[in-house]
Amino acid sequence: MTPSLASTQRDERLQADYEAFLSAHPGFESTAEIDQLRAKEFSRLDRLGHVYLDYTGGGLYGECQVRSHSDFLLDSVLGNPHSKNPTSRETTDRCEECRRHILRFFNAAPDEYAVIFTGNASQALKLVGESYPFERGDRLLLTFDNHNSVNGIREFDRAHGAETAYIPVVPPSMRVDEEALERQLELGANCKHALFAYPAQSNFSGVQHPLEWIERAQAKGWDVLLDAAAFVPTNRLDLSRWKPDFVALSFYKMFGYPTGVGALIARRSALEKLHRPWFAGGTISVASVQADTHYLAAGEAAFEDGTLDYSNIPAVDVGLTFVEKIGLDRIHERVRTLTDWLITRLMEMRHGNGEPLIRLYGPNSCESRGGAVTINFFRASGEVIDHDLIEQEATARRISLRTGCFCNPGAGEMALGISRSELVTCFSRTSADRMTYDAFRRCIDGKSTGAVRVSIGMVSNFADVHTFIHFARGFLEP
Ligand SMILES: Cc1ncc(COP(=O)(O)O)c(C=O)c1O
């Protein structure tokens, strides 16, 4: 690594680069209010010297969100919502208000869509997987770049004798081969039930897959599960325009606080197709021990096991209002312009012998892509620099980024050129139930099994991205 620039030199370079950035991306200026907001609400970032570049991992909260929520808690008496007493009613009213706010935020009609509160996006995905009426002859269609919390649905599908198929994503852009998708979609017409699950934005490559697929798949008989966890923090999802059957998301990814609350937003007609594999407190209208019978509650309640996280749900309301005030379009523009600059600068970095410093796994323009930028670093000799080393060096500079495969093994396998036969050989060498990631890395020896992800979000600023570029330059060989 090269030594850091002296701070005045660094400030001068930052200023000059900022001016060049603004002239290339004049739209960034329309987001200036976010810089003021960052100084006021997120001052802890600079005070504690953090360069936060893991927004796809988790969003950050503004101070006013925490204050507003704590004021609410200090001024309310909340009871368990499964009663009709005054404190219970207060809780129910707050939760219902929050459901309505979520529907408004996504422009979803209340008679068409229901909001089911879950602990996170994974639980929302699991609810669909475990309740979808898979039978022999049915199909589950996934893209290679699904998160593991979507991949896991294949276990439910297989347990019922149905088939799982994957559509590959093609490096280097990591987009889907549309012809392969079309061929797979045709097969849905022959099934009683067919479920197509894909990410609106890949948490690996940042690719935004077309929302047009929803209608196309539905026209061929598929139910569509849209994993919107990585998409909704910086993009508008308009459910009056796009009509997926199921949408999964986590609120901490959108505005940092609270953690522990997510949602499955589902079309009411699609919910009727689901069969819950069990029942719990809150999910039934009537159950009997002696008669060994139960009746599910109507609507969303049938899917909310036990007691909701009712002290935190009102903080979702606060978070949505916070994002609405900033404006999703403004957040989107900020992320788009910073991402474009980051990618362009990274792609132009060359070692003294002309070899590129990085390889990008995902689109190299900001067309239909979000702020997750996944790369590996290479030496001038062409040898990959281990992502663990990059993380160690970044950590030493208080830069928070993500390394590994980010729970997205299919995208990693495609991006890094790890073949099916290599994987099968590796896994056949171990008969144990468990395998550590280190053992896996040793077994796919000679190849990188992971990458480095830098992700930009709501309150990223130019200095964050500039610091990372400066950090990356430190790996250049003369
Ligand atoms: C695209 C995507 N889907 C699903 C998830 C799972 O979200 P959670 O861990 O909040 O359940 C993530 C988390 O990173 C994600 O990025």
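**Figure 1. A close-up of Asn107, a partly exposed residue in a loop of this predicted model.** Asn107 has 14 C-beta neighbours inside 10 Å, so it counts as partly exposed. You'll find Asn107 in the loop that runs between helix H5 (86-105) and strand S2 (113-118). Its phi is near 55°, a positive value in a residue other than glycine. For background, most residues other than glycine have a negative phi, and most peptide bonds are trans.

**Figure 2. The loop between strands S5 and S6, home to Pro172 and Met174.** Strand S5 covers 169-170 and strand S6 covers 175-176, with Pro172 in the loop between them. Pro171 and Pro172 are joined by a cis peptide bond, with omega at about 0°. Met174 sits in this loop between S5 and S6 too, and has a positive phi, near 65°, though Met174 isn't a glycine. Is Met174 buried or exposed? It is buried, because 24 other C-beta atoms lie within 10 Å.

**Figure 3. A cis peptide bond between Tyr257 and Pro258.** Here, omega is near 10° for the bond from Tyr257 to Pro258. Pro258 belongs to the loop between helix H11 (251-255) and strand S10 (262-267).

**Figure 4. The residues around the ligand.** Which residues surround the ligand? Thr56, Asn120, Ala121, Ser122, His147 and Ser149 are among them, and so are Pro199, Asn203, Asp227, Ala229, Ala230 and Ser250. Sorted by class, this shell has seven polar residues, four nonpolar ones and one charged one.

**Figure 5. Ala297 in the loop after strand S12.** This loop lies between strand S12 (293-296) and helix H13 (313-326). Ala297 counts as partly exposed because it has 16 C-beta neighbours inside 10 Å. Look for its contacts with Thr283, Ile284, Ser285 and Ala302, leaving aside neighbours within four places in sequence. Gly282 is 15 residues from Ala297 in sequence, and their C-alpha atoms are 7.8 Å apart in space.

**Figure 6. Gln218 in helix H10.** Helix H10 takes in residues 212-219, Gln218 included. Gln218 has 17 C-beta neighbours inside 10 Å, so it counts as partly exposed. From Gln218 to Pro244 is 26 residues in sequence, but 8.5 Å in space, C-alpha to C-alpha.

**Figure 7. Helix H19 and its buried residues.** H19 has twelve residues, 462-473. From first C-alpha to last, H19 reaches 16 Å, close to the 16 Å expected at 1.5 Å a residue. Asp464, Val465, His466, Phe468, Phe471 and Ala472 are buried in this helix. In an α-helix there are 3.6 residues a turn, so residues three or four places apart point the same way.

**Figure 8. Where domain 1 touches domain 2.** The domain assignment gives domain 1 as 7-61 + 327-405 + 450-473, and domain 2 as 76-324. Their centres, taken over C-alpha atoms, are 31 Å apart. The contact takes 23 residues from domain 1 and 24 residues from domain 2. On the domain 1 side, helix H14 (328-348) and strand S14 (372-378) are the elements that give two or more residues. H14 brings the largest share of that side, four residues. By class, the domain 1 side has twelve nonpolar, ten polar and one charged residues.

Methods:
Residues numbered from 1 in each chain as written. Predicted model: local features only at pLDDT ≥ 70, side-chain atom pairs only at ≥ 80, totals over all residues. Near = placed C-beta within 6 Å. Nonpolar A, V, L, I, M, F, W, Y, C, P; charged D, E, K, R; others polar. Expected span 1.5 Å × (residues − 1). Buried ≥ 20, exposed ≤ 12 C-beta atoms within 10 Å, placed from the backbone. Contact = placed C-beta atoms within 7 Å. Domains from an automatic or database assignment.
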